[in-house]
Amino acid sequence: MGYQQANIDDSVLVRSILDGQTGLFRLLAERYVGRMMGMIRRLVPAKEDAEEVTQDALLEAYKSLSRFDSQQSNLLTWLLSIAYHMALKHYRKASPKASPKAQDLKFVDTNQEWLENLADDEVDELLADTSADRLSLLEQAICQLKPDDQMLLSLYYYDNYSIKDISQITGHEGGYLRSRLQWIRKKLAKMIEC
Amino acid sequence: MKDANEYKDKALRAVIARKMRTIEEPTLSDDFVERLMQRVEAEEKAAERQPSSPWLRVVSRVSAVAAVLLVAFFITLHLPSSTKTEQSYTYYNIASLPKSSTLEQVYTSHRGQKKSNQLRYTHFRRMIYENK
């Protein structure tokens, strides 16, 4: 790979590929495949499957490259959005049953009343407690969440993406994501409350 | 409502970080990019075979549907007469007219239809078999 090619700007790279320099897609793939695969493996743990989903996601990106709008989002966020949806689709199709058992957890019903009764300060306190027991419970509680909720947590707390970026990746409205995050926090707090 | 990363949630962050670390650093097969580029090239060739203009693509699809319908029409036309519902229906309608009806009257009674060979054939068949 030439030095000049390696430093080529994302928008120039996309334009060149769309102008017919298909070979440059290799550069785009090499640049972002790690991040895409990392995202996909959160939902598709098996390496072989994750590779296949990553291939499909990159091919999908190639096919819809003309729809990429650099004014709307950056290339990485756009690619991660494709990777996220592909991984979620694969996850739902495979519907794995293997999730760690959580006998120690409290039963949390779907009735939302308890959410209103739980004070924000109490939630903050519970989710800040780093005692070993609490961390262990919290780990089990996270495993009980739906995959897209787990993904939301990882994007927010691990990748430190803003709500705007998460909105672009997942396709959900910012308002929905904020209230969803709040709901997940309260649910986790309730599950680990002793 | 707090916005991005205003939640400290030290314990939650620690657990998620630990969970993420268990997802091993992604390592790809050596031929990953090669396989991908082969698929990209195949996609490119498939796209070249298709008309580039969206209008041409629409026209090509419409032509394909029209061709299928045309074939279906000719197949129907060459089916044995007993299977032709339309023919039986035409015969039934003509049979309800007086026996002395002329071909022009038959055409008039089937205003919705053209002066088709079908009507002419059914009319004369009726004349031969019923007016004997």
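A residue counts as buried when its relative accessible area is under 20%. By that standard, 49% of the 194 residues of chain A are buried in this predicted model. A good place to begin is chain A itself, before turning to its partner, chain B.

Chain A is built from 11 helices and has zero strands. Followed along the sequence, its pattern reads α-α-α-α-α-α-α-α-α-α-α. Among the contacts in chain A with a separation of 6 or more, 69% come from residues 24 or more positions apart.

One salt bridge within chain A gives an example of such a link across the sequence. A:Arg92 pairs with A:Asp148, and the closest N and O atoms are 3.6 Å apart. Because A:Arg92 belongs to helix 5 and A:Asp148 to helix 9 (residues 147-158) of chain A, this pair ties together parts that are 56 residues apart in sequence. A:Arg92 is exposed, at a relative accessible area of 54%.

Helix 4 of chain A deserves a closer look. This helix covers residues 47-63, which makes 17 residues. From its first C-alpha to its last, helix 4 reaches 24 Å, close to the 24 Å expected at 1.5 Å a residue. Its buried residues are A:Ala50, A:Glu51, A:Val53, A:Thr54, A:Gln55, A:Ala57, A:Leu58, A:Leu59, A:Ala61 and A:Tyr62. The cover over these buried residues includes helix 2 (10-18), helix 3 (25-41) and helix 5 (75-94) of chain A. Helix 2 of chain B is also part of that cover, and this leads on to the interface.

The contact between the two chains involves 47 residues from chain A and 34 residues from chain B. On the side of chain B, the residues that lose the most area to chain A are B:Tyr7, B:Leu12 and B:Arg39, together 14% of what that side buries. The area buried between the chains is about 3,900 Å², with carbon and sulfur atoms giving 63% of this area.

Polar pairing also features at this interface. Between chain B and chain A there are 17 residue pairs in polar contact, counting pairs with both residues at pLDDT 80 or more. Helix 1 (10-22) and helix 2 (32-49) of chain B each supply at least two residues of the side that touches chain A. By class, that side of chain B has 17 nonpolar, three polar and 14 charged residues.

Side chains of opposite charge can pair when their charged atoms come close. The structure holds 16 salt bridges over all chains, and the count between chain B and chain A is six. One of them brings together the side chains of A:Arg26 and B:Glu34, at 2.8 Å from N to O. A:Arg26 is in helix 3 of chain A and B:Glu34 is in helix 2 of chain B, so this pair joins two chains. Both partners are partly exposed: A:Arg26 has a relative accessible area of 28%, and B:Glu34 has one of 39%.

B:Arg35 takes part in further pairing with helix 4 of chain A. Its side chain meets that of A:Glu52 in a salt bridge, at 3.3 Å from N to O. Because B:Arg35 lies in helix 2 of chain B and A:Glu52 in helix 4 of chain A, this pair too joins two chains. B:Arg35 is partly exposed at 24% relative accessibility, and A:Glu52 is partly exposed at 36%. B:Arg35 also forms a salt bridge with the side chain of A:Glu51, at 3.1 Å from N to O. A:Glu51 is itself among the buried residues of helix 4 of chain A. A network of salt bridges links A:Lys47, A:Glu51, A:Glu52, B:Asp31 and B:Arg35.

Another charged residue of chain B, B:Asp9, is found in the segment before helix 1 of that chain. B:Asp9 is buried, because its relative accessible area is 4%, below the 20% cut-off. Its side chain makes a polar contact of 2.7 Å with the side chain of A:Arg185. With its neighbours within four places in sequence left aside, B:Asp9 is in contact with A:Asp124, A:Leu127, A:Tyr157 and A:Arg185.

Methods
Residues numbered from 1 in each chain as written. Chains lettered and ligands numbered in written order. Predicted model: local features only at pLDDT ≥ 70, side-chain atom pairs only at ≥ 80, totals over all residues. Heavy atoms only, no water. Contact = heavy atoms within 4.5 Å. Buried area = accessible area lost by both parts, 1.4 Å probe. Salt bridge = Lys/Arg side-chain N within 4 Å of Asp/Glu carboxyl O. Polar contact = N/O pair within 3.5 Å; in protein donor to acceptor, adjacent residues only side chain to side chain. Helix = DSSP H or I, 4+ residues; strand = E, 2+ residues; numbered from the N terminus. Nonpolar A, V, L, I, M, F, W, Y, C, P; charged D, E, K, R; others polar. Expected span 1.5 Å × (residues − 1). Buried < 20%, exposed > 50% of the residue type's maximum accessible area, 1.4 Å probe, protein only.
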